Amino acid sequence: MASPAQDHGTAGPVLDQDGVRLTVDDAIATVTLTNPAKRNAQSPALWRALTETGRRLPGTVRVVVLRAEGKSFSAGLDRQAFTPEGFDGEPSFLDLARGSDAELDAVIAEYQEAFTWWRRSDILSIAAVRGHAIGAGFQLALACDLRIVADDAQFAMRETGLGLVPDLTGTHPLVSLVGYARALEICVTGRFVTAEEAVSCGLANLAVPADQLDGAVRDLASAVLAAPRDAVVETKALLQGAATRDLDTQRAAERAAQARRLRDLAGLGE
């Protein structure tokens, strides 16, 4: 099996546009941010490409690896969005601010779709992070189920310092991972979280030297693929819902999931 961190597939890219490339090799899909010259800064076009990436995943895919070319995972939102000119063919954020509440809500909801599909129960997503992951870059890493980081990784949530809030679905996983108080402190100060701290506070699963990042991601993906797909899907769904269920409800969910697994193993599934 090819390394999940390699940026190629068996039949060429499934998608390659606006700074995003999707390749598929059997059960592993690799999504690569491909604009290292701008430190993989993000734009609405990139977000649309990420949304389309989720739609194009074949049903055979079990693991999705998110990686980036260059020395930075993503420097966050391209500041050109805040200029009067904005991006070519796009309304500037200043223009969007002049719209109605409903219009602005709809636009932000569309942007959020790029950060939502990584949590689907039928896949397990892994962010491979090296260098800076700032703002929207931080939130994109948070969109994934798991994070493996290089020892030079640095996370920062800079939106509050710009007079904004993190709005690309990052607040929920951040609080879930590190707790309310630390999440609040990280967001309002905009400080950097190092790879070492990220692991110690639960933000990252593992930190490795940069030259070992691809191998660590490959090992994790292989371990996931070693387990039966349906068991992984059921387990992910159980754990995703655990935080919002009380103990009795979670116990019932465990029983129902296990009953499905036992029936499937016995060949009695629907």
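**Entry 1: a buried charge**

I looked up Glu 197 and found it buried, with a relative accessible area of 18%. I note at once that this is a predicted model. Which residue does the side chain of Glu 197 meet in a salt bridge? The partner is Arg 191, at 2.7 Å from N to O. Arg 191 is partly exposed, with a relative accessible area of 24%.

**Entry 2: more salt bridges**

I then searched the whole structure and found 17 salt bridges. I picked out the one between Arg 260 and Glu 234, where N and O are 2.8 Å apart. This pair links distant parts of the chain. Arg 260 sits in helix 10 (residues 247-265) and Glu 234 in helix 9 (residues 229-242), with their positions 26 residues apart. Is Glu 234 buried or exposed? I have Glu 234 at 18% relative accessibility, so it counts as buried, the limit being under 20%. Arg 260 is partly exposed, with a relative accessible area of 41%.

I also found a network. Glu 52, Arg 55, Arg 56 and Glu 113 are joined into one by salt bridges that share partners.

Next I checked Arg 98. It forms a salt bridge with Asp 95, and the closest N and O atoms are 2.8 Å apart. Arg 98 is exposed, because its relative accessible area of 63% is over the 50% mark. Asp 95 is partly exposed, with a relative accessible area of 40%.

**Entry 3: the nonpolar cores**

I turned to the inside. In soluble globular proteins, nonpolar side chains tend to be buried together. Here the largest nonpolar core has 54 residues. Which of its members touch the most other members? I list Trp 47, Leu 50, Trp 118, Phe 155 and Leu 203. Helix 4 (residues 136-143) gives the most to this core, with 6 residues.

I followed Phe 155 further. Leaving aside residues up to four places away in sequence, Phe 155 touches Val 129, Ala 133, Phe 138, Ala 141 and Val 149, among others. Its contacts also include Phe 192, Val 193, Ala 198 and Leu 203. Arg 191 is on the list as well. That is the arginine whose side chain meets Glu 197 in a salt bridge.

I found a second, separate core of 17 residues. Its members include Leu 124, Ile 126, Leu 213 and Val 224.

**Entry 4: a nonpolar patch outside**

Which residues make the nonpolar surface patch of about 390 Å²? I noted Val 175, Tyr 180, Leu 184 and Val 188. Helix 6 (residues 180-189) supplies the largest share, 3 residues. Val 175 lies in helix 5 (residues 171-178). At 39% relative accessibility, Val 175 counts as partly exposed.

**Entry 5: the whole chain**

I finished with the overall figures. The protein chain has 10 helices and 10 strands. Its C-alpha atoms fill a box of roughly 65 × 45 × 35 Å along the principal axes. What radius of gyration does the chain have? I have 19 Å, which agrees with the value near 18 Å for a compact globule of 270 residues.

Buried residues make up 46% of the 270. Of the contacts with a separation of 6 or more, 68% join residues 24 or more positions apart. The accessible surface comes to about 13,100 Å². Carbon and sulfur atoms account for 54% of that surface.

Key: Residues numbered from 1 in each chain as written. Predicted model: local features only at pLDDT ≥ 70, side-chain atom pairs only at ≥ 80, totals over all residues. Heavy atoms only, no water. Patch = residues over 30% accessible without salt bridge, like charges linked within 9 Å, V, L, I, M, F, W, Y side chains within 5 Å. Areas by Shrake-Rupley, 256 points an atom, 1.4 Å probe, with all protein chains shown as cover. Salt bridge = Lys/Arg side-chain N within 4 Å of Asp/Glu carboxyl O. Helix = DSSP H or I, 4+ residues; strand = E, 2+ residues; numbered from the N terminus. Buried < 20%, exposed > 50% of the residue type's maximum accessible area, 1.4 Å probe, protein only. Core = buried A, V, L, I, M, F, W, Y, C linked by side-chain atoms within 4.5 Å. Contact = heavy atoms within 4.5 Å. Rg over C-alpha atoms; globule rule 2.2 N^0.38 Å.
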